[in-house]
Amino acid sequence: MLRRLIARVYWTFSRWTLSTQPAPTRPTVLIGAPHTSNWDFVLMLAIAWRLGIEVHWLGKKSLFRGWRGPVMRALGGIAVDRDDPSRIVGDVVAQAHAGEVFGLVVTPDGTRSGHTHWKSGFYRIARETGMPVTLGYVDRTTMTTGLGPTIDLTGDVAGDMDRIRAFYADKSGLRPEHRVEPRLRDEPRSR
């Protein structure tokens, strides 16, 4: 209840407009893109808290060191050991099978700069768990943010990514110069 109150106050005074489709009613992989600024994290929490979505998000384990660890975990953070990221899929599958409704937030364009493609972890997690993908967005050109459609991935990587690219084609993050085209490294370039 406190989180919803904080979110309500935030949206009342924010220069951003929440323009969203309804929150998913089943566990979902929630993509946050374009991820070009640390402020995206604040917007993600404000969206989730306003819509009443229990969110978990993946972060490098260095974010969870010292005093930040308890704070990050309280905000839904899951530390990822980049040397052994495979255990995350098992944890997510267990939560989904336990009947929890949650959004696993993934920023597939990685950190906020220096990448030429999206990381494929969100795709692998969605396919292995059977979870759909909800397209969360930030669009500085319209000062809107929210959730777009929730889609089920088919296994046709290029076709699925075409649908994702079409949604994000007109979206611009806070720092447009850091935008990464929604394309996986191993995806064919012929499309």
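Over the ring of which residue, 5.3 Å from its centre, does the charged end of Lys171 sit, besides any other ring? Select Lys171 and Tyr137: the charged end of Lys171 sits over the ring of Tyr137, 5.3 Å from the ring centre. The criterion is NZ of Lys or CZ of Arg within 6 Å of the ring centre and within 35 degrees of the ring normal. This is a predicted model, in which local features need pLDDT of at least 70 and side-chain atom pairs count only at pLDDT 80 or more, while totals for chains, interfaces and linings use all residues. Residues are numbered from 1 along each chain as its sequence is written, and side-chain values use heavy atoms, with hydrogens and water left out.

Keep Lys171 and add Phe167. The charged end of Lys171 also sits over this ring, 4.2 Å from its centre.

Next, add Trp118, Phe122, Tyr123 and Tyr168. Together with Tyr137 and Phe167 they form one aromatic cluster. Rings of Phe, Tyr and Trp (its six-membered ring) pair if their centres lie within 6.5 Å; planes under 30 degrees apart count as stacked, over 60 as edge-to-face and the rest as tilted. The structure holds eight such aromatic pairs.

One of them is elsewhere: select Phe41 and Trp57. The two rings are edge-to-face, 5.2 Å centre to centre with 80° between the planes. Phe41 belongs to helix α2 (residues 39–51) and Trp57 to strand β3 (residues 55–60), so the pair ties together parts that are 16 residues apart in sequence. Helices (H or I, at least four residues) and strands (E, at least two) are DSSP runs, numbered from the N terminus. Phe41 has 27% relative accessibility and counts as partly exposed, whereas Trp57, at 7%, counts as buried. Buried means under 20% relative accessible area, exposed over 50% and partly exposed in between (1.4 Å probe, protein chains only).

Stay in helix α2 and pick Trp49. Trp49 is buried, at 14% relative accessibility. Its C-alpha atom is 5.2 Å from that of Arg4, 45 residues away along the chain.

Now move to helix α1 (residues 2–13), where Leu2 lies. Leu2 counts as exposed, at 59% relative accessibility.

Finish at helix α5 (residues 121–129). Its buried residues include Phe122, Tyr123, Ile125, Ala126 and Thr129. They cover an arc of only 165° around the axis (taken from the directions from the helix axis to the C-beta atoms), which puts them on the same side of α5. Just after α5, select Gly130, which takes a positive phi of about 80°.
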